[in-house]
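The exercises below are to be worked with the sequence and the coordinates side by side. Please try each task before reading the solution that follows it.

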Amino acid sequence: MNIPTHTKSQEIFSTFLKDGVFVVEDFFTDGEVTIMRDELMPHYDKMKDGELMIYKGNTEEQGYPFGKMIRITDKHFDEFEMLHAVFNHNWFHSFTDSFFGQPNKKNLQTFCPYEFLTPDKASGTTRNSHTHVDPYFALKYFIYLSDTSKSNGAFKAIRGSHVEGGKYRESQSLEHLTKDGYKDLDGAFKALNATEEDMEYIEAPAGSLIVVNTDALHSGGTLEKEGESRMTIMNHNRKY
């Protein structure tokens with residue numbers, strides 16, 4: 001890993017607090033990206049298109065219509081040697097502790113989506129999530145294992161929306177925030193005085209680290225062309 005210096009890490013943290021989203025390109029080497037992909041591929045190879053697999057748990061046959069998804073709980077996280085080593089590195093622990101204070105819940109769950117189906121092949125679905133703020137205050141680390149752009153479904157967010165997004169989250173019931181698969185588009189946009197045009201595609205090469213405050217208004221993207229694909233790791237941390 002290309003760990004930022006102490007001074008650079010402080011700059012990253014300061015900008016992240018202001019923007020709610022931060023991109024660190026080339027955080028991981030090409031070799032490390034390959035190791036992480038190789039750690040996941042044997043599991044994907046055993047799955048059917050559209051499956052969501054909870055590692056050593058249940059499998060939903062149409063739980064992820066855009067491709068395949070592995071969900072790893074904290075109970076089994078240490079069985080993924082490379083991922084466990086990455087997210088337990090001191091840099092990640094220090095960043096999470098600085099953000100939440102202690103104690104906190106690190107590596108609560110890790111989602112590993114592999115997307116390769118366009119909307120017409122995914123039952124007409126156009127996004128891997130509707131535009132929303134998460135129902136729980138969380139810090140997420142995304143690792144792009146593929147070069148990621150608008151055309152292959154880059155993550156989208158509104159930088160700086162996390163402050164008002166947090167106020168909106170706190171004003172709503174959990175039931176409202178999670179209804180219809182997080183489909184709270186109108187409410188969230190109105191509360192933040194924002195529109196779809198304000199969303200920014202977070203485009204970056206493979207090996208990039210994306211740090212996200214989930215109070216920022218965000219959503220997944222859409223694969224625009226058949227034959228394109230995207231592989232991502234999303235590590236989920238919470239205060240409690």
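**Exercise 1. Charged side chains**

Determine which kind of contact joins the side chains of Glu170 and Arg169, and whether each of the two residues is buried or exposed.

Solution. Step one is the contact itself: the side chains of Glu170 and Arg169 meet in a salt bridge, at 4.0 Å from N to O, where a salt bridge is a side-chain nitrogen of Lys or Arg within 4 Å of a carboxyl oxygen of Asp or Glu. Before going on, note that this is a predicted model, in which local features need pLDDT of at least 70 and side-chain atom pairs count only at pLDDT 80 or more, while totals for chains, interfaces and linings use all residues. Residues are numbered from 1 along each chain as its sequence is written, and side-chain values use heavy atoms, with hydrogens and water left out.

Step two is the accessibility, for which buried means under 20% relative accessible area, exposed over 50% and partly exposed in between, with a 1.4 Å probe and protein chains only. Glu170, at 63%, counts as exposed, whereas Arg169, at 13%, counts as buried.

Step three looks beyond this pair: Asp120, Lys121 and Glu226 are joined into one network by salt bridges that share partners, and the structure holds 14 salt bridges. Among them, Asp134 is bridged to Lys140 with the closest N and O atoms 3.0 Å apart, and here Asp134 is buried at 4% while Lys140, at 16%, also counts as buried. Another joins Lys106 to Asp97, with 2.7 Å between the closest N and O atoms, and Lys106 is partly exposed at 25%.

**Exercise 2. Strand S11 and its partners**

Work out which strands pair with S11, and in which sense.

Solution. Begin with the assignment: helices (H or I, at least four residues) and strands (E, at least two) are DSSP runs, numbered from the N terminus, and the chain comes to 7 helices and 11 strands. Strands of a sheet pair through backbone hydrogen bonds, either parallel or antiparallel; in this account, two strands pair if DSSP finds at least two bridges between them.

Next, follow the bridges: strand S5 (residues 105-115) runs antiparallel to S11 and is joined to it by 6 bridges, and S6 pairs with S11, likewise in the antiparallel sense, over 7 bridges. Arg238 in S11 is the bridge partner of Lys105, and Ala138 stands opposite Arg238 as well.

Then consider the surroundings of the strand: 9 of the 9 residues of S11 (residues 230-238) are buried, so this strand is largely enclosed by the rest of the structure. Arg230, Thr232, Met234, His236 and Arg238 point one way, and Met231, Ile233, Asn235 and Asn237 the other way.

Finally, turn to the side chain of Arg238, whose charged end sits over the ring of Tyr136, 4.3 Å from its centre; this description requires NZ of Lys or CZ of Arg to be within 6 Å of the ring centre and within 35 degrees of the ring normal.

**Exercise 3. An aromatic pair**

Establish how the rings of Phe142 and Phe155 are arranged, and which parts of the chain they tie together.

Solution. Rings of Phe, Tyr and Trp (its six-membered ring) pair if their centres lie within 6.5 Å, with planes under 30 degrees apart counted as stacked, over 60 as edge-to-face and the rest as tilted. The structure holds 21 aromatic pairs. In the pair of Phe142 and Phe155, the centres are 4.8 Å apart and the planes stand at 65°, which is edge-to-face. Phe142 lies in strand S6 (residues 138-144) and Phe155 in the loop between S6 and strand S7 (156-157), so the pair ties together parts that are 13 residues apart in sequence. Both Phe142 and Phe155 are buried.

**Exercise 4. The open sheet**

Find the strand order of the open sheet of 3 strands, and name its edge strands.

Solution. The order is S8-S7-S10, with antiparallel pairing. The edge strands are S8 (200-201) and S10 (218-219), each of which pairs on one side only. Between S7 and S10 there are 2 bridges, and Ala157 has His218 as its bridge partner in S10.
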